[in-house]
Amino acid sequence: MVKFATNLFFILLVYVFQITFTTASDRANSKLARTNNDDLQTCLSSSLPLPIRTIYPCSTLANQNSSQYQCDHFNVNELSSVRGGRISHFPAVIVYATNSNDVQNVVKCATKLNYIVNTRSGGHSYEGYSLGSTYNNIVINMEAINYIRINQYDGTGIFGAGARIGPIYYRTYQYNYTINAGSCAWMGLAGHALGGGQGFLGRLHGLLSDNILEMKAVNAQGELITINKTHEPELYWALRGAGGGLFVIVTEFKIQLVKSPPLVRRFSSTWYPNATKLVMQQYQSLLFDDKISNFSNNLFLFMRVLKTHVAISILYFGIEFDEFNNTISLLLATLPTPNRTKLYEQDWLTFVYKSSGIADGSGDHQQLLLDRLTYPTYHFKAKHLFYDRPISSHNLDKFIDRLASGDGEITMIFLPWDGYLSTIPVDETAFPHRHFKFGIQFTLYPTDEQHEKEQMNWLNQTHVEISILYFGIEFDEFNKTMSLLLATLPTPNRTDLYEQDWLAFVYKVSGIADGSGDYQQLLLDRLAYPTYHFKAKHLFYDRPISSHNLDKFIDRLASGDGQIGMMFIPWDGYLSTVPVDETAFPHRHFKFGIQFTVSPNDEQHEKQQMNWLNRVYLAVYNDSAKHSYINYIDRDTTLIAMSSEAECIDASLGIQTGNHFSIGVKISQRNITLAS
Ligand SMILES: Cc1cc2nc3c(=O)[nH]c(=O)nc-3n(C[C@H](O)[C@H](O)[C@H](O)COP(=O)(O)OP(=O)(O)OC[C@H]3O[C@@H](n4cnc5c(N)ncnc54)[C@H](O)[C@@H]3O)c2cc1C
């Protein structure tokens, strides 16, 4: 089974990457050729029923006065529940689908006209992935496909993919059932379940994805397919835990419901920061101690660590209260007396409502969980890590020190990932993290706009510059290329246009000075030569970098402290018409190359910055880009020569960088784990 799953993972990897490569290269071409979305508007208006809302952001519409299409001057960021300037592109259109037929029709238009499609259900992706990351994509909003049907006789539920978790909690509770999902009531079922879906019942019933019995979904050909254990078993395996936005668009889920707990008991104890280390150690020893592993899965211990306090909560979903009381005694046995404790019981729905953090738990559940018309938005940046052993005392010290040293609010929530969840074999579904004991979610709430800027500053500083050089005399050619470049891009923040004689140009691009000066003296009669302090790497490409790798690359570029420059240079034209075997120069069949350069700030930062350079470099290192230009030789040959090694390094770096576990990284992690 392990072997089967591993092979399957490889097949899926190839499948995903093939799709990505094809669409990326096609997109690059079509993006250049496309000057408006008229073809898309025509296709959608002829294939969708009239009442379907199709909103074209005004900025993407050539004719904004057309009465045929709705155009809205909205901010796309508002479609994401997590705010903070994560999205800077505009989709070509947002379609508000009402059933799977609408989804099929949109996908058919997209496939025919070569558009990228992204699906949004609850909009709770931490980084706004449901809106995609490509300019001029199609977003299908699934919010209206939100039906909830409960079969109280066999304890199953049929849900539209756009249903939100809160209403599902409310409806199922009417029949003494529930779903084993996460705590935020407003997440969409689709994104949540496809990525796993972990919540307070995780130790008792596993992940939400473990209880998916069947799905209806639209594939890339626009066909509606049924996915379960026997129909499309590979997709059934992959869709349970690999994450949303891959393979197909799910329109409906059939889920095995679980009995709602008769009552929830909760004990919370809070300490001031002088006890933080002791409390963290005690939490870890409770999780890793053999005695505790005999505790029933009705228990769920979680911890919140902030600068101002640390709190451990024990939840109990069973009826053997001795078990609950013993755990409290065990927790407090070796710790200083807490500064505050709380003990209370709640019915399941009140608990769900209260833990979703909307309000204080009083109020009309029906109105708040079911009939809600607007949803809260969040302003945070989150990261996550899994652990299979306790954090060492030394690292706890470092962690507490660093937590105290910052200005702002960071919350860390420690959640157990063991219990029933970890008894399901790792290869049973695509969810790859079952062998961990606990996870930490780190959340930063920027204090205000000014601080956020500081925190995200590096990202904003990164700028992209595209230069077009023209050596001919047909200026039309030059002007057309400029128009083509700018046609589908947002207005640049700066443009420069100038003419120079050849020598001035040569002098200026050599980067010695600002281009003025005595060329003879500076180019010919020079007595001293400049020295440089940088580390460079180089890669050639024979096809475009995939969208997935571009995302990785931009993320990693943003994560460092210092300055990395990347120069993309074409290697085609006459150069590539010379037969490859005409001279010893071996790189004539590539389309472009990238030179990466880091100029270390100072000696102390150098090592750190070299690592960062490698991480950025590996993000776009792949089968099409294993060659480096001999004149830019670099001694890190292990990175270039050993592709499997590079994959491992890439995977481990993916883990270090934390937040975005791409499917590629998950797969590599899994392969390493299975191989070892
Ligand atoms: C405040 C908050 C609290 C959270 N709490 C928890 C928690 O307790 N436990 C937990 O496990 N997670 C939690 N999450 C994370 C959440 O589970 C994920 O972000 C999840 O992807 C959100 O699903 P969505 O449908 O709302 O998101 P969306 O942003 O709509 O989609 C997320 C991803 O799924 C894809 N997708 C959406 N719909 C479909 C579809 N129909 N078919 C195929 N792909 C689709 C999107 O393209 C995107 O890539 C929380 C997130 C937030 C913001």
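This is a short tour of two sheets, the helices that pack on them, and a ligand site. Keep in mind as you click along that the model is predicted.

**Stop 1: the seven-stranded sheet**

Start by colouring the strands of the open sheet that runs E16-E13-E15-E14-E18-E19-E17, seven strands with antiparallel pairing. Now pick out its two edges, residues 340-346 (strand E16) and 381-387 (strand E17). Each of these has a single partner strand, so one side of E16 and one side of E17 are left without a neighbour in the sheet. If you look along the sheet, the twist from one strand to the next averages 15 degrees.

Next, zoom in on one pair inside this sheet: select residues 299-305 for strand E14 and residues 310-316 for strand E15. Seven bridges hold this antiparallel pair together. Which residue of E15 is the bridge partner of Arg304? Show Ala311, and you have found it.

**Stop 2: two helices on that sheet**

Select residues 321-333 to bring up helix H10. H10 lies across E13 (264-271), E14, E15 and E16, and its direction is about 5 degrees from that of E13. Then add helix H11, residues 348-355, which also packs on the sheet. H11 touches E13, E15 and E16, and makes about 135 degrees with the direction of E16.

**Stop 3: where H11 meets H4**

Leave H11 on display and select residues 165-173, helix H4. The two axes come within 10 Å and cross at roughly 175 degrees. An angle over 145 degrees counts as roughly antiparallel, so that is how H4 runs relative to H11. To see the contact itself, show side chains for Tyr169, Tyr170 and Tyr173 on H4, and for Trp348, Leu349 and Val352 on H11. How many polar residues does the contact of H4 with H11 have? There are none, and no charged residues either: the six are nonpolar.

**Stop 4: the five-stranded sheet**

Follow H4 to its other neighbours, E6 and E7: the helix lies across both, running at about 30 degrees to E6. These strands belong to an open sheet of five, ordered E6-E7-E11-E9-E10 and paired antiparallel. Its edge strands are E6 (148-151) and E10 (224-227), each pairing on one side only. Here, too, the strand-to-strand twist averages 15 degrees.

For a closer view, select E7 (residues 156-160) and E11 (residues 249-256), an antiparallel pair joined by five bridges. Within this pair, Ile158 stands opposite Lys254 of E11.

**Stop 5: the ligand**

Finally, centre on the ligand and display its surroundings, which comprise 29 residues. The closest are Thr119, Ser121, Ser130, Gly188 and Gln198. Try three distances from backbone atoms to ligand oxygen:

- Thr119: a backbone N or O atom is 2.7 Å from an oxygen atom of the ligand.
- Gly188: a backbone N or O atom lies 2.8 Å from a ligand oxygen atom.
- Gly123: a polar backbone atom is 2.9 Å from an oxygen atom of the ligand.

How values were computed. Residues numbered from 1 in each chain as written. Predicted model: local features only at pLDDT ≥ 70, side-chain atom pairs only at ≥ 80, totals over all residues. Heavy atoms only, no water. Pairing = 2+ DSSP bridges. Helix = DSSP H or I, 4+ residues; strand = E, 2+ residues; numbered from the N terminus. Axes fitted to C-alpha atoms, helices over the stretch in contact; angles between N-to-C directions. Contact = heavy atoms within 4.5 Å. Parallel < 35°, antiparallel > 145°, perpendicular 65-115°, else oblique. Nonpolar A, V, L, I, M, F, W, Y, C, P; charged D, E, K, R; others polar. Near = heavy atom within 4 Å. Polar contact = N/O pair within 3.5 Å; in protein donor to acceptor, adjacent residues only side chain to side chain.
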